[in-house]
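Hi,

Here is the structure I promised to pass on. Have it open while you read, and my notes on what turned up follow below.

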Amino acid sequence: MLFVSTRSKDNPISSAHAIKEGLAPDGGLYVPQSFPTLTMDEILSMHRQPYAVCAASVLRRYLTDYRPEELAACATAAYTEEKFGQQPVVLQKVADRTDVLELWHGPTMAFKDMALQILPHLMTRAQAKAGEEGRIVILAATSGDTGKAALEGFADVPGTEVIVFYPEEGVSAIQKLQMTTQEGENTAVFGIQGNFDDAQRGVKEIFHDRELAERLRGHGWSLSSANSINWGRLVPQIVYYFRAYADAVAAERIQPGESVLFCVPTGNFGDILAGYYARKMGLPVKRFICASNANNVLTDFINTGRYDRNRTLHKTISPSMDILVSSNLERLLYDMTGGKGSLVAGWMEQLNTTGVYEVPTDLGDDIRYLFQGFWVDEQETKDTIGTVFNDYGYVLDPHTAVAWHALEKYRLLSSDEAYAIVLSTASPYKFSQSVLEGLNKADLARNDDPFAAAQALHDVTGLPVPPQVAGLREAEILHQDVIDPGQMTAAILDTLEIRC
Ligand SMILES: *Cc1c(COP(=O)(O)O)cnc(C)c1O
């Protein structure tokens, strides 16, 4: 299978190449030329298989220039019990027709581990396939979770350097500590005086900087990305949609073949897009609920067909969704226009220059048929954490709470009672303080100490504190640099010790 850019079908390339490059040279994102399908039997059999086997079986249909044994080895190395516990993904029965898919049992307590634990394996093999001797520098702009997951995935992987940029004031206390205490000879972390979009824009500009690329190449470095613009980030995320469905059938929550709802807390549109791809591959999905926080640019887009990033970015208690430019929407537009790269390129150009683009009515209608957008404000998010704990004894992190309540809004408006799976993207312990507020126990952690908050959350809920949180208390701060977005290139050159 070959891959093309969302902005032009010319020059198809192999999957290894797409993973190694991250972003297409024309600024587009790599997408597969076609979509494989799975039979219902194949889907249902995933319930009985180890997660690594499920992953390899989806990956091998896209990454056809990797040998199946190679992919199996990558998946086995990534989804170990040591890193993910007994089950990398867990479908929790919570309410009558609603289950929660926990995707945060990995080393950094967010769903980003599902992709970023396997990406380094895929990427280093891609480098070998290309016959390249050089080293790869992996850049990541992060709204909080990608950064740590990328650092954890790539730390001390030979032949790589990983550099992360995060909004200095836009992440939770635990998220920040996770990044600033990162060990590994090949890791670098920079706070940005700006928001996630500034960091993401900076990284995209660096990818477009030909002169810089030449300069890096001269020193044996090539650039790649750990953001969900990289196909290697997206494809592992398709897997858990199938696995969740198979588990739901096995638990007799649904009949085989029954259509379900997936409700996804959305930022860069990567996670939900992976679900859309699973549907294209044959998964019976009735609809996706696209859940946003106060940064409701996607809700507006779905409702009106007009994407408008000209608005203030709000800092919320679900910081990993504090995003105004959802990069992966470009892939959806490409697919839903039947692959009209020039149209997509035009819209992205408009987005870049004016901050706005508008899709034709029929395309807007098609998108709205399959994706329903709802947004949830801060008070609703906290209230949801409280009610779900009171009603079901289940603790939601703020991102998952946004999704839970978006689903409630959808059901109220549509009277659709279809069985739904809410994707849970982070452990509540990543955001203990906000979760406590939701539980009306904010007084238990009044001083700004994230460890006191974690202990209090344990006392209130009985949920065990993950060892990753405790480990941070003793960890040494190793990365303290805070820079202006204009200094990102300089920071990279400095990190790689390239001076002239
Ligand atoms: C990254 C992230 C999201 C958003 O996922 P996208 O793929 O960017 O849409 C939601 N919740 C958490 C906890 C995250 O880390």
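R97 and E258 form a salt bridge, and their closest N and O atoms are 3.5 Å apart. Bear in mind that this is a predicted model, and the distances here are computed from it. R97 sits in the loop between strand 4 (90–93) and strand 5 (98–102), while E258 is in the loop between helix 12 (231–250) and strand 10 (260–265), so the pair ties together parts that are 161 residues apart in sequence. Are these two buried or exposed? Neither, as it turns out: R97 is partly exposed at 28% relative accessibility, and E258 is partly exposed too, at 25%.

While you are looking at that loop between helix 12 and strand 10, find R253, which lies there as well. Its side chain reaches the backbone oxygen of D96 at 3.2 Å. With a relative accessible area of 14%, R253 is under the 20% cut-off and therefore counts as buried.

Now for the other salt bridges. How many does a search of the whole structure find? The total is 21. As a reminder of the idea, side chains of opposite charge can pair when their charged atoms come close. A few to click on:

- K280 and D335: the closest N and O atoms are 2.8 Å apart. K280 belongs to helix 13 (residues 270–280) and D335 to helix 15 (residues 329–336), so this pair ties together parts that are 55 residues apart in sequence. K280 is partly exposed at 33% relative accessibility, whereas D335 is buried at 18%.
- R306 and D308: here the closest N and O atoms are 3.8 Å apart. R306 is partly exposed, with a relative accessible area of 36%, and D308 is buried, with 18%.
- E70, R125 and K129: these three are linked in a network of salt bridges.

Next, have a look at helix 10. This helix runs over residues 196–208, and at 1.5 Å a residue its 13 residues should span 18 Å; the end C-alpha atoms are 19 Å apart, which agrees. At the start of helix 10, a side-chain oxygen of N195 comes to within 3.0 Å of the backbone nitrogen of D197. Which residues of helix 10 are buried? They are F196, D197, A199, Q200, G202, V203, I206 and F207. So D197 turns up twice: as a partner of the N195 side chain and as one of the buried residues.

Helix 10 also leads us to the largest pocket, where about 640 Å³ of space lies. There are 28 residues lining this pocket, and the closest to its centre are R201, K204, V325, L351 and N352. Which elements give two or more residues to the lining? Those are helix 10, helix 15 and helix 16 (341–353). Helix 10 supplies the largest share, with 7 residues. Sorted by class, the lining has 10 nonpolar, 8 polar and 10 charged residues. Helix 15 is worth a second glance here, since D335, the salt-bridge partner of K280, lies in helix 15, and helix 15 is among the contributors to the pocket lining.

If you want a route through the model, go from the R97 and E258 pair to R253 and D96, then over to K280 and D335, and finish at the pocket by way of helix 10.

Cheers

Key: Residues numbered from 1 in each chain as written. Predicted model: local features only at pLDDT ≥ 70, side-chain atom pairs only at ≥ 80, totals over all residues. Heavy atoms only, no water. Helix = DSSP H or I, 4+ residues; strand = E, 2+ residues; numbered from the N terminus. Expected span 1.5 Å × (residues − 1). Buried < 20%, exposed > 50% of the residue type's maximum accessible area, 1.4 Å probe, protein only. Polar contact = N/O pair within 3.5 Å; in protein donor to acceptor, adjacent residues only side chain to side chain. Salt bridge = Lys/Arg side-chain N within 4 Å of Asp/Glu carboxyl O. 1 Å grid on protein atoms, 1.4 Å probe; cavity = no way out; pocket = protein on both sides within 12 Å on 5 of 7 lines; lining within 4 Å. Points joined across faces, edges and corners; volume = space filled by probe spheres on them. Nonpolar A, V, L, I, M, F, W, Y, C, P; charged D, E, K, R; others polar.
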